[in-house]
Amino acid sequence: MSADHLFVLLHGFWGNMSHLYKARELLLNEYPDAQVLVASTYAGNLTYDGISICGRRVITEIEDRIKRINESDGVAIRKFSVAGYSLGGLIARYVVGELYNSGFFNEIKPMNFTTFATPHLGTCSEKPGFARWGFNYYGRNWLSQSGRDMFLGNDSIVPKLADPEGYHYRALTKFERLSLYANITNDRSVPFFTAFMSERDPFTDLVSCKPQYVDKYEPVILDLSREMKILPTPVKRKWSRRDYIFFTVLFTVGPIILLGALITITVSAQLSERRIRQLYQSSASPSRSVEMMQQSGKNVTEAELMQDVVEDLLDATGAEEQDARSTNDGTQYQSIISDNSSVKNASSHKTRISSVSTLNTICSQVRHPDSVGKYSLEKALDLEEVQIRMCNEMNKLEWNKYAVQIHQTLHSHAAIVNRKGQLPEGDIVLGHWAERLVV
């Protein structure tokens with residue numbers, strides 16, 4: 001990657017630029033001359049303000065960085081790539097559309113567009129019943145504009161981003177490479193179906209079969225073109241010490257954490273609503289709104305701290321499962337030891353990882369022609385009509401789709417980009433991504 005190639009990294013909801021430092025590090029290891037911008041103008045509480053407002057802040061940041069590179073280094077940016085994590089993937093779709101509409105790509109060539117665990121079909125629950133209604137109602141009404149966007153409220157911009165007649169959709173067709181990564185298990189924030197843009201999720205029913213992996217990236221990147229291994233007998237999960245610890249913590253500390261999270265989220269959402277009203281009333285630019293709210297944008301919010309506490313509790317309960325164990329097919333799963341010297345060392349590591357999720361990552365033997373490949377259930381999920389329409393339109397684009405299985409933690413949403421910098425499996429995903437970029 002040459003010095004005239006700008007790469008933009010966009011973090012997710014509740015996030016900040018530190019969440020993508022590992023991605024930046026591994027990208028620069030692979031392409032030392034690349035210009036890398038990790039967006040910082042919509043961090044913390046500012047992530048509540050909606051995809052379009054956050055996206056306009058990022059556009060201002062991109063324009064400023066390009067100008068600075070030209071003035072300080074004398075380099076004219078000729079190539080452009082972007083990668084978005086979680087909500088950042090939707091913001092990326094908005095950003096490239098606005099750039100395309102402004103003529104930005106008339107002189108700068110769009111190269112790579114990538115998302116990691118992004119809710120392309122929204123975050124609406126696909127599970128039937130009262131819980132589905134309650135979850136979706138809460139998301140649309142308590143998380144400010146970003147909640148209305150992600151949970152497909154009346155004024156959500158997400159369906160517009162998937163309109164084939166719109167410039168946000170047309171912008172994606174200009175990129176040399178489109179790719180996405182989706183967690184198959186333990187992603188409580190963005191389920192597989194929406195990150196993978198599929199009406200089916202073959203990893204919801206755990207029966208007696210086991211995925212195959214891409215060579216050199218096992219057991220993290222699945223090879224969806226290969227038949228699944230059928231185990232001699234279904235693996236029956238037994239309660240372990242970890243389970244007892246988890247449920248003890250859940251029913252004792254959990255309610256306190258949940259109450260604190262609800263309070264901080266509600267306060268953050270109200271601050272966002274006030275910010276949005278002030279923004280439109282004053283007709284201030286997004287960059288000016290960032291200056292006005294600089295303090296809340298740069299600090300780690302209470303809601304984010306609460307999120308980290310919940311994730312740490314989940315991870316702590318898995319500490320007892322690090323010993324190697326055997327499955328029915330005789331394969332040993334051992335802990336991968338982190339190697340910070342090179343992403344290639346992590347990606348080529350031949351050992352396997354111990355985890356109850358590994359033993360239970362199995363899917364139905366029924367095949368169905370779908371974007372998931374050979375890993376598909378015959379029955380489609382109960383999605384909303386708008387989600388099905390978005391799914392159909394987005395799959396008309398030439399995506400390179402990768403299913404990811406994280407073993408080392410019970411919270412795979414953060415691990416897919418190694419958000420905390422402690423999981424080699426996240427490095428394997430990022431290494432797989434970096435090695436396939438078009439430069």
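**Surface, salt bridges and buried contacts in a predicted model**

The accessible surface of the chain amounts to about 18700 Å², and carbon and sulfur atoms contribute 52% of that area. The model described here is predicted. Its chain contains 18 helices and 10 strands. Of its 439 residues, 58% count as buried. Among the contacts in the chain with a separation of 6 or more, 77% are made by residues 24 or more positions apart.

On the surface, Phe 247, Leu 250 and Phe 251 make a nonpolar patch of about 300 Å². One of these residues, Phe 251, belongs to helix H9, which spans residues 241-252. Phe 251 has a relative accessible area of 64% and is therefore classed as exposed, the cut-off for this class being over 50%.

Charged side chains were considered next. Side chains of opposite charge can pair when their charged atoms come close. The structure holds 9 salt bridges. One of them joins the side chains of Glu 25 and Lys 22, with an N to O distance of 3.6 Å. Both residues lie in helix H1 (residues 21-30), where a spacing of 3 residues places Glu 25 and Lys 22 about one turn of the helix apart. The two partners fall into separate classes of accessibility: Glu 25 is partly exposed because its relative accessibility is 32%, whereas Lys 22 is buried because its value is 10%. The cut-off that applies to Lys 22 is under 20% for a buried residue.

A further salt bridge links Asp 155 to Arg 148, and the closest N and O atoms of this pair are 3.6 Å apart. Asp 155 is partly exposed at 43% relative accessibility, while Arg 148 is buried at 18%. Elsewhere in the chain, salt bridges with shared partners connect Lys 22, Glu 25 and Asp 427 in one network.

The pair formed by Arg 57 and Asp 49 provides another example. In this salt bridge the closest N and O atoms are separated by 2.8 Å, and both Arg 57 and Asp 49 are buried. Asp 49 is located in the loop that runs between strand E2 (35-38) and helix H2 (51-73). With a relative accessible area of 1%, Asp 49 falls under the cut-off and so counts as buried. The side chain of Asp 49 also makes a polar contact, at 2.5 Å, with the side chain of Ser 272. When neighbours within four places in sequence are left aside, the residues in contact with Asp 49 are Arg 57, Gln 145, Ser 146, Ser 272, Arg 275 and Ile 276. Asp 49 thus has both its salt-bridge partner, Arg 57, and its polar-contact partner, Ser 272, in this list.

A polar side chain in a buried position is also found in helix H16. This helix covers residues 385-394 and includes Gln 387. Gln 387 is classed as buried because its relative accessibility is 0%. A polar atom of the Gln 387 side chain lies 3.0 Å from the backbone oxygen of Leu 121. Apart from neighbours within four places in sequence, Gln 387 is in contact with Leu 121, Gly 122, Cys 124, Leu 152 and Phe 193. Gln 387 shares its buried state with other residues of H16, namely Val 386, Met 390, Cys 391, Glu 393 and Met 394. The elements covering the buried residues of H16 include helices H3 (87-101), H6 (158-161), H7 (167-172) and H8 (192-196), together with strand E10 (399-404).

Helix H8, one of these covering elements, contains Ala 195. Ala 195 is buried because its relative accessibility is 1%. Although Ala 195 and Leu 121 are 74 residues apart along the chain, their C-alpha atoms are separated by 7.4 Å. With neighbours within four places in sequence left aside, Ala 195 is in contact with Ala 117, Thr 118, His 120, Leu 180, Tyr 181, Ala 182 and Val 190. Leu 121 therefore appears in the description of two buried residues: its backbone oxygen lies 3.0 Å from a polar side-chain atom of Gln 387, which is buried at 0%, and its C-alpha atom is 7.4 Å from that of Ala 195, which is buried at 1%.

Conventions: Residues are numbered from 1 along each chain as its sequence is written. This is a predicted model: local features need pLDDT of at least 70, side-chain atom pairs count only at pLDDT 80 or more; totals for chains, interfaces and linings use all residues. Side-chain values use heavy atoms; hydrogens and water are left out. Helices (H or I, at least four residues) and strands (E, at least two) are DSSP runs, numbered from the N terminus. Buried means under 20% relative accessible area, exposed over 50%, partly exposed in between (1.4 Å probe, protein chains only). Contact means heavy atoms within 4.5 Å. Accessible areas come from the Shrake-Rupley method with a 1.4 Å probe; for residues, only the protein chains shown count as cover. Patches are made of residues with over 30% relative accessible area and no salt bridge: like charges are joined within 9 Å, nonpolar side chains (Val, Leu, Ile, Met, Phe, Trp, Tyr) within 5 Å. A salt bridge is a side-chain nitrogen of Lys or Arg within 4 Å of a carboxyl oxygen of Asp or Glu. A polar contact is a pair of N or O atoms within 3.5 Å; within protein, one must be able to donate a hydrogen and the other to accept it, and residues adjacent in sequence count only if both atoms are side-chain atoms.
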